Amino acid sequence: MAIDPVVLFFILGLTAGLMRAEMRLPSAIYEFLSVILLIAIGLKGGIELSKQPFVDLLPDIAAVLAMGFILPLLAFPILYYLGRFKKADAASIAGHYGSVSVGTYAVAASYLASLGIAYEAHMPLFLVVLEIPAIIVAIVLVRGISKQTKWGQLSHEIFLGKSIVLLIGGLAIGWIAGEESIKSISGMFFDPFKGVLALFLLEMGLIAASQVGALKRYGFFLLGFGIIFPIISSVVGIAAALFLELSIGGAVMLATLAASASYIAVPAAMRIALPESNPTLSLTASLGITFPFNIILGVPLYHQIATALY
């Protein structure tokens, strides 16, 4: 099967970054691309949510929330006892791996679309839900339920961060407006989706390349963890999909969400809640290792695992 062009754009950015080529998108353009992707994902989910009762989704949301708490609890002892990271660093990395990557989600959606495989349209809702539990787990693992934690500032960072606001906003607009009304703006958000994703991944490849050098300082344990743990997490996601009786496309999407690692929302939250943790460790693992692995090899692998288990 031919490689999806959006993946080739990521490989181009990664290669250019590793070769130290002078090629970076202006920050304003990168911000614009990320806004378009987040709103488009939210709108698509909102349109489909408008077609079904929200109450019917509550059991699914509860199950996905449970998965969001389980994944960092699985990652933490591996990092703390086997990797021998400091507690704050182990908890911070675990928090990144319990949360999600919007870029990886978009690639999985593009991958399934290229194969003509449908999936449950409320997946963007799961994307929002999974941003939160892992952050709470990471904080409690280090601080406990402490009054010293800046819960107010932290809540503002989590719930009013750009990614959450745009995703929830897109969901709400799509839900309220419905499919017919949204057609008037589809030329802005839906038609150019793959082109926007390609440029976004070009820049993400350049950013990921900038994290690779940290492996020399922090050893190859992170390399192994950043590849093996997402595969374990994907099986947890597929198990949850089987429990929820999702389609095979839904299983691939949920596996991808479980296997991805945050590089936007969680770093910002950890900066406030666990300032003693080393952000380089988390970003090296999530952005320098797991993101490239998921984009190039992970999503097709999760599709194969889901097919075998189904």
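# A first look at a helical chain

Me: Where does Glu 245 sit?
Reply: We're looking at a predicted model here. The helices on either side of this residue are α13 (221-244) and α14 (248-259). So the place of Glu 245 is the loop between α13 and α14.

Me: Is Glu 245 buried or exposed there?
Reply: The phi angle of Glu 245 is near 60°, a positive value in a residue other than glycine. Its relative accessible area comes to 70%. The cut-off for this class is over 50%, so Glu 245 counts as exposed.

Me: Which loop holds Arg 20, another residue with a positive phi?
Reply: Arg 20 isn't a glycine, yet its phi is near 60°. With a relative accessible area of 74%, Arg 20 is exposed. Its place is the loop between α1 and α2.

Me: Okay, zooming out: how many helices does the chain have?
Reply: If you go hunting for strands, the count is zero. For helices, the count is 16.

Me: What radius of gyration does the chain have, set against a compact globule?
Reply: Along its principal axes, the C-alpha trace spans about 55 × 45 × 40 Å. A compact globule with 310 residues would have a radius of gyration near 19 Å. The chain's own value agrees with that, at 18 Å.

Me: What share of the residues is buried?
Reply: To count as buried, a residue needs a relative accessible area under 20%. Of the 310 residues in the chain, the share that passes is 54%.

Me: And what share of the contacts with a separation of 6 or more is between residues 24 or more positions apart?
Reply: Start with the contacts in the chain that have a separation of 6 or more. Then keep the ones whose residues are 24 or more positions apart, and the share is 88%.

Me: At what angle do α1 and α16 pack?
Reply: Two packed helices are described by the angle between their axes and the distance between the axes. Here α1 covers residues 5-18 and α16 covers residues 279-309, with the axes 9 Å apart. The crossing is left-handed, and the angle is about 145°.

Me: How many nonpolar residues make that contact between α1 and α16?
Reply: From α1 you get Val 7, Phe 10 and Ile 11. From α16 you get Phe 291, Pro 292, Ile 295 and Ile 296. The contact has no polar and no charged residues, and the nonpolar count is seven.

Me: How far is Leu 43 from Leu 167 in space?
Reply: Leu 43 lies in helix α2 (residues 27-49) and is buried, at 1% relative accessibility. Among the residues it touches are Gly 170, Leu 171, Ile 182 and Phe 189. In sequence, Leu 43 and Leu 167 are 124 residues apart, but C-alpha to C-alpha they are separated by 8.0 Å.

Me: How many salt bridges are there in the whole structure?
Reply: Side chains of opposite charge can pair when their charged atoms come close. Searching the whole structure for salt bridges gives a total of seven.

Me: How far apart in sequence are the parts that Arg 24 and Glu 203 tie together?
Reply: The side chains of Arg 24 and Glu 203 meet in a salt bridge of 2.9 Å, N to O. Arg 24 is in the loop between α1 and α2, while Glu 203 is in helix α11 (residues 193-212), so the parts they tie together have a sequence separation of 179 residues.

Me: Of those two, which partner is buried?
Reply: Arg 24 has 54% relative accessibility, so it counts as exposed. The other partner has a relative accessible area of 2%, so the buried one is Glu 203.

Me: Which helix does the salt-bridge partner of Glu 31 lie in?
Reply: Glu 31 pairs with Lys 162, at 2.8 Å from N to O. Glu 31 lies in α2, and the two are 131 residues apart in sequence. Lys 162 is partly exposed at 34%, and its helix is α9.

Me: Which residue does Glu 276 form a salt bridge with?
Reply: Glu 276 sits in the loop between α15 (265-273) and α16, and its partner is in helix α7 (residues 133-143), 133 residues away. Glu 276 is partly exposed, with a relative accessible area of 37%. The closest N and O atoms are 2.9 Å apart, and the partner is Arg 143.

How values were computed. Residues numbered from 1 in each chain as written. Predicted model: local features only at pLDDT ≥ 70, side-chain atom pairs only at ≥ 80, totals over all residues. Heavy atoms only, no water. Axes fitted to C-alpha atoms, helices over the stretch in contact; angles between N-to-C directions. Helix = DSSP H or I, 4+ residues; strand = E, 2+ residues; numbered from the N terminus. Left-handed = near helix turned anticlockwise from the far one by under 90°. Contact = heavy atoms within 4.5 Å. Nonpolar A, V, L, I, M, F, W, Y, C, P; charged D, E, K, R; others polar. Buried < 20%, exposed > 50% of the residue type's maximum accessible area, 1.4 Å probe, protein only. Salt bridge = Lys/Arg side-chain N within 4 Å of Asp/Glu carboxyl O. Rg over C-alpha atoms; globule rule 2.2 N^0.38 Å. Lists of a residue's contacts leave out its neighbours within four places in sequence.
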